[in-house]
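Me: I would like to learn how to read a structure like this one step by step. Could we begin with the way helices pass one another?

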Amino acid sequence: MVLDDLLARRLVILSGKGGVGKSVVGTALALAARARGKRILFIEVDAPLPASRYLGEGPVGGREKEVRPGLSMVNLVPTDVMDEYVRETVRVDMLARKVLASPIYRRFFAAAPGLPELMVLGKIMVLEEERVGWPRRPKYDLIVVDAPATGHGLAFLRVPLVASNAVPVGPVGANARRILSLLRDTKKTALAIVAVPEEMAVVEALELHAMAGKELGIEARAFVLNQCHERRFTGAQETEILRRASEDEDGRLAPGVTLEAALAAARRHIRRRKLTQFYRKRLERAVDAPVVSLPLLFTDRIDEPALESLAERLEAA
Amino acid sequence: MSAAALQSLSRALDERRVLVVCGAGGVGKTTTAAALGVQSALRGRRVLVCTIDPSRRLATSLGLDRLPDRPRELDLARVAGSGTRGTLWAMTLDTKRTFDALVEKHAATDAARRRILDNRFYRQVSSALAGSHEYMAMEKLLELSADERFDLVLLDTPPTRHALDFLEAPERLMGFLDTGILRWFLKPYFVAGRLTLKVATRTGAIALKIADSVLGLQFLQDLSEFFLAFEGMYAGFKERAGRVRALLRSDRAGFVLVASPAPHTLDEALYFHQRLDQSGMPFVAFVINRVHPDPAQGFPATRAAADVDDELAEALVEVFQDQRRLARADRRSVERLEGVTGESALLVPEFDADVHDLRELKDVGDVMLGEAGSGRRGRGRARGTRRLAAAEGRAR
């Protein structure tokens, strides 16, 4: 149901505090959409390690690459997007080259506040508007954006609003307004906020939710609680574990696994599971949007089967 | 735990004037900065922990609702008893206010001051946009490093996507001020209200046309008005950017690089370390937070079979193995960092609860500095760790 709601849009923007696993959640979401036969584009912004590596692919760059049939990925680097924009706008090759080679242009771009974000959002808008074939149809059914975690997750989304206020006329302002109306169009765009079951991540997710609604007029349609510790023991087993752990029992369970160590590990798990439950409830109480839990993966590295298992969880939610 | 890293961090807490805590988002930078602040204060220094965070992280970990934008003293006695000479202060940097204060202080005339503060562009960019946080952090750092109330300023860096952005902010600003870009903007044809396409040279005309089609004249005009309003302050900006640069390269400063065992945060720390090295900035230590402890460590092997029913035994072994897999992956990550840099890292185990108050912050610092016994190893788990685990009860 949550997936239905998200996949009915053209654009899903994932936001949340750094380190909560947005790119994993985004890739899983893209895989879930792909499993339903959608053509997906997964966009990352200046990712040092693009998500394509999870699928065993080399890092994708600024050009869309179809890494699996129906699933394309792109890693937008702001300076490249700006260069491309200059090239397209200036048209005359020699002039464009001159501009791009100029140190003034480079430094201006590095120092002009908000311009990189605006360029990237503009590019996302262009990708959304891309049509192919005859009769014309969108090149991608769904675009999933892993919004840069500036810690303050809103900084990125706020840029178009700020820019349209600061520069009401001219191409910058006009683009900013177009981007803003796309972001605010609830039929086309959904914001999904990712968190992990920890105090600060949850606090920040809630702040993000409140500010996105109040300041930007963008409402979060779903929350994803990632890296959840899920129940591994029955209630009776948990009781037994806690009792036995306090009794200093000894013995061997399996090669290299003593009962004592396993009981300590189990207690640790139980604490984490309860914390997960606590934060999930807290999130659910605070927001109207649905909260989807994804399990913590105990794999050495995140690979395609692991992501598929998360995609299935999203499908079932 | 590494003696060298421990000693380096410990000495820095005793001797440095400024410690900058850097790292990728979500690795526990703020908590680390606050925990180190508590430790240094307990050693008798007067410490300010400053965070540049639009959200309320530091306040949360200090058990406060919010932090003021000027230093506020915390009640250290709660964790230190009455004998300590040290003091602990905390504040959050309010980017807009810092910017405003800067303008108030340095604008050449009242008219110039008003022109800036009323400028539409300024009002938008001074608070809202990425980049201004870093600039203001630098300005604030300079101011605080001269504040005689404090022996040590611990700066928690802004939550940038690339930790390096912070380091590069003054260089970027200086690069910007150095190039012809300002002169270009400040040319008469861009003066507010007199915008004209009549320019002296052909190249100038072409440049203007391109700028118009790419960004729009209005944008450029607003920007040039903005820059014009700052005229007279540039020399000061540049001078202070240069001083921050010098400060951060001196032995009064130091960088604590924070990461988690997640590969991308370690990569960031690695890259940062390399950059510090290249630019002659003093590295202090790596702190790796949230390291999964090895569930086997500290428990001696035994031969006797355990008396547990099969179902439970199976579930127990599975959970144990899962945790062990995480611990091993973490260890490999840390070994890679240590291998590449030749530095050893201070490891802080993942706690079973969040940090909510000064007492727990002290515990975190104790574990970090190995003062509660060996934090990451096994059974004699630190008192601090246990107390943190107990805090979970309160969370519920």
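Reply: Let us begin in chain A, keeping in mind that this is a predicted model: helix H7(A) passes helix H8(A) in a left-handed crossing. The contact is made on one side by Leu157(A), Pro160(A), Leu161(A), Ala163(A) and Ser164(A) of H7(A), and on the other by residues of H8(A) that include Val172(A), Ala176(A), Ile179(A) and Leu183(A). Sorted by character, the residues of this contact divide into nine nonpolar, two polar and one charged.

Me: At what angle do H7(A) and H8(A) pack, and how far apart are their axes?

Reply: Helix H7 (residues 154-166) and helix H8 (residues 170-184) of chain A pack at an angle of about 135 degrees, and their axes are 8 Å apart. Angles over 145 degrees would count as roughly antiparallel and those from 65 to 115 as roughly perpendicular, and H7(A) and H8(A) are therefore oblique to each other.

Me: Now for chain B: how many helices and strands does its secondary structure come to?

Reply: The secondary structure of chain B comes to 17 helices and eight strands. As a general idea, strands of a sheet pair through backbone hydrogen bonds, either parallel or antiparallel. In this chain, an open sheet of eight strands has the order E3-E4-E2-E5-E1-E6-E7-E8, with mixed pairing. Its edge strands are E3 (72-73) and E8 (345-349) of chain B, each of which pairs on one side only.

Me: Which strands does E2(B) pair with, and in what sense?

Reply: Strand E2(B) is joined to E4(B) by six bridges, the two running parallel, and E2(B) also pairs with E5(B) in the parallel sense, over five bridges. To follow this residue by residue, note that the bridge partner of Leu48(B) in E4(B) is Trp89(B), while Val47(B) stands opposite Leu152(B) in E5(B). Elsewhere in the sheet, six bridges join E1 (residues 18-23) to E6 (residues 253-259) of chain B, again in parallel, and here Cys22(B) stands opposite Leu257(B).

Me: Why is E2(B) described as largely enclosed by the rest of the structure?

Reply: The reasoning rests on counting buried residues, and five of the six residues of E2(B) are buried, so this strand is largely enclosed by the rest of the structure. For the chain as a whole, 49% of the 396 residues of chain B count as buried.

Me: Which helix lies across E2(B), and at what angle does that helix run to the strand?

Reply: Helix H2 (residues 29-42) of chain B lies across several strands, among them E1, E2 and E4 of that chain, and runs at about 170 degrees to E2(B).

Key
Residues are numbered from 1 along each chain as its sequence is written. Chains are lettered from A and ligands numbered from 1 in the order in which they are written. This is a predicted model: local features need pLDDT of at least 70, side-chain atom pairs count only at pLDDT 80 or more; totals for chains, interfaces and linings use all residues. Two strands pair if DSSP finds at least two bridges between them. Helices (H or I, at least four residues) and strands (E, at least two) are DSSP runs, numbered from the N terminus. Two residues are in contact if their C-beta atoms, placed from the backbone, lie within 7 Å. Axes are lines fitted to C-alpha atoms, for helices over the stretch in contact, and angles run from 0 to 180 degrees between N-to-C directions. A residue is buried if 20 or more other C-beta atoms lie within 10 Å of its own, exposed if 12 or fewer, and partly exposed in between; C-beta atoms are placed from the backbone. Angles under 35 degrees count as roughly parallel, over 145 as roughly antiparallel, 65 to 115 as roughly perpendicular and the rest as oblique. A crossing is left-handed if the near helix is turned anticlockwise from the far one by less than a right angle, and right-handed if clockwise. Ala, Val, Leu, Ile, Met, Phe, Trp, Tyr, Cys and Pro count as nonpolar, Asp, Glu, Lys and Arg as charged, and the others, Gly among them, as polar.
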